[in-house]
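Trainee: I should like to learn how to read a structure of this kind. May we go through some features one at a time?

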Amino acid sequence: MNSFSRVQDQDGVIEEQVRTDRLHQLFRQSFSAVFGSYLGAAMLCWLCWDRFDHRVMLVWLVLLAGTSLLRLKMFADWFRCPYSERTPARWERRYWVTLMLSAGVWGAGALAVMPTDDRVSQVLVMLFTVGMSVSAVSCYSAYRYMTLSSMAMVLLPCTLWLLFQPSSMQVGVAIAVLVFSTFVVSATRKLSDALEKAFRLTRQMERANTISTHAAQTDELTGLMNRRAFFEHAQLLYAQCRQNQQPLCALMLDMDHFKRINDTYGHQAGDQVLRQIGGVISASFRQADVSGRLGGEEFAVLLPNTSLETARDIAQQLIESIAGLSAEPVQGLTASLGVASTQGHEHDLHGLMNNADKALYRAKFLGRNQVVVAQ
Ligand SMILES: Nc1nc2c(ncn2[C@@H]2O[C@H](COP(=O)(O)OP(=O)(O)OP(=O)(O)O)[C@@H](O)[C@H]2O)c(=O)[nH]1
């Protein structure tokens with residue numbers, strides 16, 4: 001994969017994360033709206049009890065109760081759903097459908113209960129529909145299209161009806177509502193843009209932080225942990241093994257006559273060898289093991305819950321894997337290894353590493369290309 005498509009890929013991941021953040025925000029923001037919309041309708045009915053047709057009012061409230069229950073069921077499913085399954089692909093459509101149902105019943109019901117010959121009731125109904133639309137801005141701002149369409153479903157039926165009435169007062173109210181709505185519509189754009197920008201910035205900062213942390217901990221040449229990161233992880237592993245009363249083994253590896261490789265084939269060939277050693281180490285150990293390049297051509301690995309015998313066998317296999325490497329034009333690569341364990345010893349991490357180091361130098365002293373176990 002080239003760097004351009006990698007960047008595109010990462011941008012795609014961020015876009016998906018932003019979409020998911022918006023969905024979570026939508027669910028967080030709008031739970032109370034389910035009760036709010038029903039209460040609004042109930043309050044309007046109570047205020048206009050003597051002015052509305054009771055049968056129409058009852059049908060409206062029953063239908064609204066149905067859509068509210070549908071929405072509550074959706075929220076219950078959302079809260080029960082595992083975090084990993086709260087994805088836009090799974091929830092956006094369901095949310096949209098229930099919202100449209102609920103807003104549609106609200107808007108159509110408001111028109112149905114509104115008496116054609118009672119101006120006071122008409123103004124009250126309009127007051128409530130405007131109130132409902134404004135609260136949609138605060139509840140659904142993470143999704144502009146949801147805000148706008150729920151506003152339209154609630155507001156438009158009554159407003160359009162008023163707009164085509166003979167009285168100038170009714171037409172005036174409808175025009176005022178439409179003018180007012182245009183301001184709200186432009187506010188929704190700014191609000192949802194600001195939210196999206198905030199989500200994107202947060203995700204980009206998280207990504208930059210991950211990249212810089214990884215860079216600060218990684219040895220560029222081999223891809224293994226660098227010295228500092230190795231000792232940070234080693235401390236944690238040591239404490240964990242001590243707490244669980246498990247043995248911890250340390251392997252110290254040093255390439256033999258590496259200076260000769262550099263001098264004979266050049267520094268770049270030496271770098272290539274180190275890269276290959278990094279590859280062998282990465283491929284040879286478990287996830288629970290901690291490995292790193294301590295500097296130059298020296299590497300270390302910590303093996304938790306491993307006996308000294310197993311660690312020695314692993315070190316021997318490592319020598320064989322290195323001998324089998326083909327790093328043209330370099331031939332006959334060898335390494336020396338020192339192995340030590342906390343088993344039967346009372347030393348701390350530095351004591352353990354020191355013992356492995358002493359064993360390594362003994363391996364060098366004994367002629368290199370071998371494993372020596374610390375006594
Ligand atoms: N190519 C390359 N060489 C490095 C790097 N870091 C250290 N070296 C070289 O590794 C060599 C280490 O040499 P020495 O410490 O004398 O060890 P050696 O030649 O391997 O000898 P023994 O360890 O005694 O077998 C030096 O020449 C360093 O310059 C690196 O990142 N890349």
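Trainee: Are F75 and Y95 buried or exposed?

Mentor: Please bear in mind that this is a predicted model. A residue is called buried when its relative accessible area is under 20%. Both F75 and Y95 are buried.

Trainee: How are the rings of F75 and Y95 arranged?

Mentor: For a ring pair, one considers the distance between centres and the angle between planes; planes over 60 degrees apart count as edge-to-face. The centres of F75 and Y95 are 6.2 Å apart and their planes stand at 75 degrees, so this pair is edge-to-face. It links distant parts of the chain, for F75 belongs to helix α2 and Y95 to helix α3 (residues 88–113), 20 residues apart.

Trainee: How many aromatic pairs does the whole structure have?

Mentor: A search finds 15 aromatic pairs. One of them joins F27 and F75, whose ring centres are 5.3 Å apart with planes at 75 degrees, so this pair too is edge-to-face. Because F27 lies in helix α1 (residues 3–47) and F75 in helix α2, the pair ties together parts that are 48 residues apart in sequence. Ring pairs also link a cluster, with F27, F75, W78 and Y95 among its members.

Trainee: What lies over the face of W78?

Mentor: R86 does, at 4.9 Å from the ring centre. Likewise, R22 lies over the face of Y143, at 4.4 Å from the ring centre.

Trainee: How should I read a helix, with α2 as the case?

Mentor: An α-helix has 3.6 residues a turn, so residues three or four places apart point the same way. Helix α2 (residues 54–80) has 27 residues and spans 38 Å from first C-alpha to last, close to the expected 39 Å. Its buried residues include M57, W60, L61, L64, F75 and W78. At the N-terminal end, D53 caps α2 through a side-chain oxygen 2.9 Å from the backbone nitrogen of R55.

Trainee: Which residues are closest to the ligand?

Mentor: To read a binding site, one may begin with the surrounding residues and then turn to the polar contacts. Here 17 residues surround the ligand, and the closest are H257, F258, K259, D271 and R293. Helix α9 gives the largest share of this shell, 4 residues.

Trainee: Where do polar atoms of R293 and H267 meet the ligand?

Mentor: A polar side-chain atom of R293 is 2.7 Å from a ligand oxygen, while a backbone N or O atom of H267 is 3.1 Å from a ligand nitrogen. The protein covers 67% of the 670 Å² of accessible area that the ligand has on its own.

How values were computed:
Residues numbered from 1 in each chain as written. Predicted model: local features only at pLDDT ≥ 70, side-chain atom pairs only at ≥ 80, totals over all residues. Heavy atoms only, no water. Helix = DSSP H or I, 4+ residues; strand = E, 2+ residues; numbered from the N terminus. Expected span 1.5 Å × (residues − 1). Buried < 20%, exposed > 50% of the residue type's maximum accessible area, 1.4 Å probe, protein only. Polar contact = N/O pair within 3.5 Å; in protein donor to acceptor, adjacent residues only side chain to side chain. Phe/Tyr/Trp six-rings, centres within 6.5 Å; stacked < 30°, edge-to-face > 60°. Lys NZ or Arg CZ within 6 Å of the ring centre and 35° of its normal. Near = heavy atom within 4 Å. Areas by Shrake-Rupley, 256 points an atom, 1.4 Å probe, with all protein chains shown as cover.
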